[in-house]
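Visitor: I've got a few minutes and a fresh model to poke at. Can you walk me through it?
Guide: Sure, let's pull it up.

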Amino acid sequence: MNDLQDVNILSSRRSYEFRVDDIRLSLLSNHGVIQLIKQAFGFEVAGAGSPMETFGVVVQTLPPGLVFDYGASPVGEGQAVAVRFLHIEQRRIVVDVAGPSSAIDPTYQRLRQLVEGITTLDNIPAIGEPIQTKDVSEITVRVPFQIDAIVPATLRSTVAEALGTSEDASLILAPTLLIQAQPPDVEYPGSLSRGYRMLQLELRAGSPPRDRVLFSAAPLNSDDHLALLEKIIPALSKQVD
């Protein structure tokens, strides 16, 4: 689509969610298993530890989980994707890659192949079958309008006057749009909570506003995220005066 220019998929992350006891951390925390996974993906960091919170609260267990950071995974003939991390918790396995969501499942399936023969004494596999998955992706795109178009046109002049940008030509509005899904009868935790079910649109950190590079994070795989942006970008374009 013409409205999507200079698209860059920064990262895609997926959580494979399991029933309780369907991930056997005690088996997977064996030194030999850790080294097997480390070598297969070339992880720089590998070991038992508490995974960071990504798709919800990380349950404190013993062992605490497995943390694998900074590796790579083959995704086709002569191709590989950087694996930013692969974390194993009590009830989820989270894979984060520096590329499209299509690269995640081959990485996860390779992990399963590596531990396929590892079972408990009563033949229960170290990793069972997931019951659902959740996705998040981060994308940047160059947009055909100034970044202040995120502010509704009916409010733009009022906000500009309040912030002084209407009097200072060296300043422009640089808004952030942050929308979270929230149960109506549960206390709102605040924007800093940044739960996974969140849509975020803002100027790309580290880029000047004149470059018109928009950062977008959404609880979607990268293909669905791009499809969403193909709807959002034209809608924002129509707001431009």
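Visitor: In what order do the nine strands sit in the open sheet?
Guide: Keep in mind that this is a predicted model. The nine strands make one open sheet, and their pairing is antiparallel. Going across it, the order is S2-S3-S4-S5-S1-S6-S9-S8-S7.

Visitor: Which strands are at the edges?
Guide: An edge strand here pairs on one side only. That fits the two ends of the order, S2-S3-S4-S5-S1-S6-S9-S8-S7. So the edges, by the pairing criterion of at least two bridges, are S2 (45–48) and S7 (176–180).

Visitor: And how many degrees is the average twist from one strand to the next?
Guide: Stepping from one strand to the next, the twist averages 20 degrees.

Visitor: How many bridges hold S2 and S3 in their antiparallel pairing?
Guide: S3 covers residues 66–76. One of its pairings to look at is alanine 46 with its bridge partner in S3, phenylalanine 68. For S2 and S3 together, the count is four bridges.

Visitor: Which helix lies across S2 and S3?
Guide: Look for the helix that runs at about 40 degrees to S3. It spans residues 31–41, and its name is H2.

Visitor: What about H5, which strands does it touch?
Guide: H5 takes in residues 222–237 and packs on the sheet. Its direction makes about 45 degrees with that of S6. The strands it touches are S1 (5–17), S6 (132–142), S8 (198–203) and S9 (213–218).

Visitor: Is threonine 165 buried or exposed?
Guide: Threonine 165 is in the loop between H4 (153–163) and S7. Beyond its neighbours within four places in sequence, it is in contact with Ala160, Leu171, Ile172 and Leu173. The cut-off for buried is under 20% relative accessible area. Threonine 165 has 15% relative accessibility, so it counts as buried.

Visitor: Zooming out, what share of contacts between residues at least 6 apart in sequence join residues at least 24 apart?
Guide: The chain follows the pattern β-α-α-β-β-β-β-α-β-α-β-β-β-α, with five helices and nine strands. Among those contacts, the share joining residues at least 24 apart is 65%.

Visitor: How far apart are the mean positions of the positive and negative charges?
Guide: For scale, the C-alpha trace spans about 75 × 50 × 25 Å along its principal axes. There are 20 positive and 29 negative charges. Their mean positions are apart by 2 Å.

Visitor: Last one: how much of the accessible surface belongs to carbon and sulfur atoms?
Guide: Buried residues make up 42% of the 241 residues. The accessible surface comes to about 12,900 Å². Of that, the part belonging to carbon and sulfur is 51%.

Note on methods
Residues numbered from 1 in each chain as written. Predicted model: local features only at pLDDT ≥ 70, side-chain atom pairs only at ≥ 80, totals over all residues. Heavy atoms only, no water. Buried < 20%, exposed > 50% of the residue type's maximum accessible area, 1.4 Å probe, protein only. Contact = heavy atoms within 4.5 Å. Areas by Shrake-Rupley, 256 points an atom, 1.4 Å probe, with all protein chains shown as cover. Lys, Arg positive; Asp, Glu negative; His and termini not counted. Charge placed at Lys NZ, Arg CZ, Asp CG, Glu CD. Axes fitted to C-alpha atoms, helices over the stretch in contact; angles between N-to-C directions.
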